[in-house]
Amino acid sequence: MSNFHDLAANDATTAVIINVITAVGQFQRDIQNELTVEGIAAAEAEGRYRGRPPALDGGRREDVRAALREGTSIAALARAHGVSRAAV
């Protein structure tokens, strides 16, 4: 690297060096994007992508909604289902 005197010079050697460095950077970015896409696909296949799973699944969620409509308190429902009040 000590041979780089002036990268702003307008000679062919400097242009080639800059183009090679730019191409390597683009190649690294493309590889990183491919690995990210593969990792997301693998996580989705295992069901581990897009955050935490809901505290109440579909059937329990409907039971809680029905109980709320009937007037059961949020705290009582949370205790009964073993979840936080925020989850209710």
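The following is a dialogue between a biologist and a modeller about a predicted model of one protein chain.

Biologist: What makes up the secondary structure of the chain?

Modeller: The chain holds 3 helices and 0 strands. Read from the N terminus, the order of elements is α-α-α.

Biologist: How do you know that the length of helix 1 agrees with its number of residues?

Modeller: Helix 1 covers residues 12–45, which is 34 residues. At 1.5 Å a residue the expected span is 50 Å, and the end C-alpha atoms lie 49 Å apart, so the two values agree. Just after this helix comes Gly47, with a positive phi of about 75 degrees.

Biologist: How does helix 2 fare under the same reasoning, and what follows it?

Modeller: Helix 2 spans residues 58–70 and has 13 residues, for which 18 Å should be expected; its end C-alpha atoms are 19 Å apart, and therefore the span agrees. Gly71 follows helix 2 and has a positive phi, near 105 degrees.

Biologist: What makes the phi of Arg50 worth a remark, and where is this residue placed?

Modeller: The phi of Arg50 is near 75 degrees, a positive value in a residue other than glycine. Arg50 sits in the loop between helix 1 and helix 2.

Biologist: Why is Arg50 called exposed?

Modeller: The term applies over 50% relative accessible area. Arg50 has 67% relative accessibility, so it counts as exposed.

Biologist: Why is Ala43 called buried?

Modeller: A residue is buried when its relative accessible area is under 20%. Ala43, in helix 1, has 9% and is therefore buried. Beyond residues up to four places away in sequence, Ala43 touches Arg48 and Tyr49.

Biologist: Arg48 also has a partner; why is its pairing with Glu46 called a salt bridge?

Modeller: The cut-off is 4 Å between a side-chain nitrogen of Lys or Arg and a carboxyl oxygen of Asp or Glu. The N to O distance between Arg48 and Glu46 is 2.6 Å, so the pair qualifies as a salt bridge. Both Arg48 and Glu46 are exposed.

Biologist: How many salt bridges are found in the whole structure, and what makes the pair Glu62 and Arg65 one of them?

Modeller: The search finds 2 salt bridges. The closest N and O atoms of Glu62 and Arg65 are 3.2 Å apart, which is within 4 Å, and therefore this pair is a salt bridge too. Because Glu62 and Arg65 are 3 residues apart in helix 2, about one helical turn separates them.

Biologist: Why are Glu62 and Arg65 called partly exposed?

Modeller: Partly exposed lies between the limits of 20% and 50%. Glu62 is at 42% relative accessibility, so it belongs to that class. Arg65, at 41%, likewise counts as partly exposed. Asp63, also found in helix 2, is partly exposed because its relative accessibility is 49%. Between the C-alpha atoms of Asp63 and Leu77 the distance is 9.7 Å, although 14 residues separate them in sequence.

Biologist: What makes a group of residues a nonpolar core, and which residues form the largest one here?

Modeller: The members must be buried nonpolar residues joined through side-chain atoms within 4.5 Å. The largest such core has 5 residues, namely Leu56, Val64, Ala67, Leu77 and Val83. In soluble globular proteins, nonpolar side chains tend to be buried together. Val64 has contacts with Leu56, Leu77, His81 and Val88, once neighbours within four places in sequence are set aside.

Biologist: Why is Ala78 called buried, and which residues does it touch?

Modeller: Ala78 is at 5% relative accessibility, under the 20% cut-off, so it counts as buried. Ala78 is found in helix 3, residues 74–81. Leaving out residues up to four places away in sequence, Ala78 touches Val83, Ser84, Arg85 and Val88. The C-alpha atoms of Ala78 and Val88 are 6.2 Å apart, and the two residues are 10 apart in sequence.

Biologist: What share of the chain is buried, and what is said of its surface?

Modeller: Of the 88 residues, 9% are buried. The chain exposes about 7,300 Å², and carbon and sulfur atoms supply 54% of that area.

Biologist: Which residues make a nonpolar surface patch?

Modeller: Val16, Val20 and Val24 make a nonpolar patch of about 250 Å². Val16 is found in helix 1.

Note on methods: Residues are numbered from 1 along each chain as its sequence is written. This is a predicted model: local features need pLDDT of at least 70, side-chain atom pairs count only at pLDDT 80 or more; totals for chains, interfaces and linings use all residues. Side-chain values use heavy atoms; hydrogens and water are left out. Buried means under 20% relative accessible area, exposed over 50%, partly exposed in between (1.4 Å probe, protein chains only). Contact means heavy atoms within 4.5 Å. Helices (H or I, at least four residues) and strands (E, at least two) are DSSP runs, numbered from the N terminus. The expected span of a helix is 1.5 Å times one less than its number of residues. Accessible areas come from the Shrake-Rupley method with a 1.4 Å probe; for residues, only the protein chains shown count as cover. Patches are made of residues with over 30% relative accessible area and no salt bridge: like charges are joined within 9 Å, nonpolar side chains (Val, Leu, Ile, Met, Phe, Trp, Tyr) within 5 Å.
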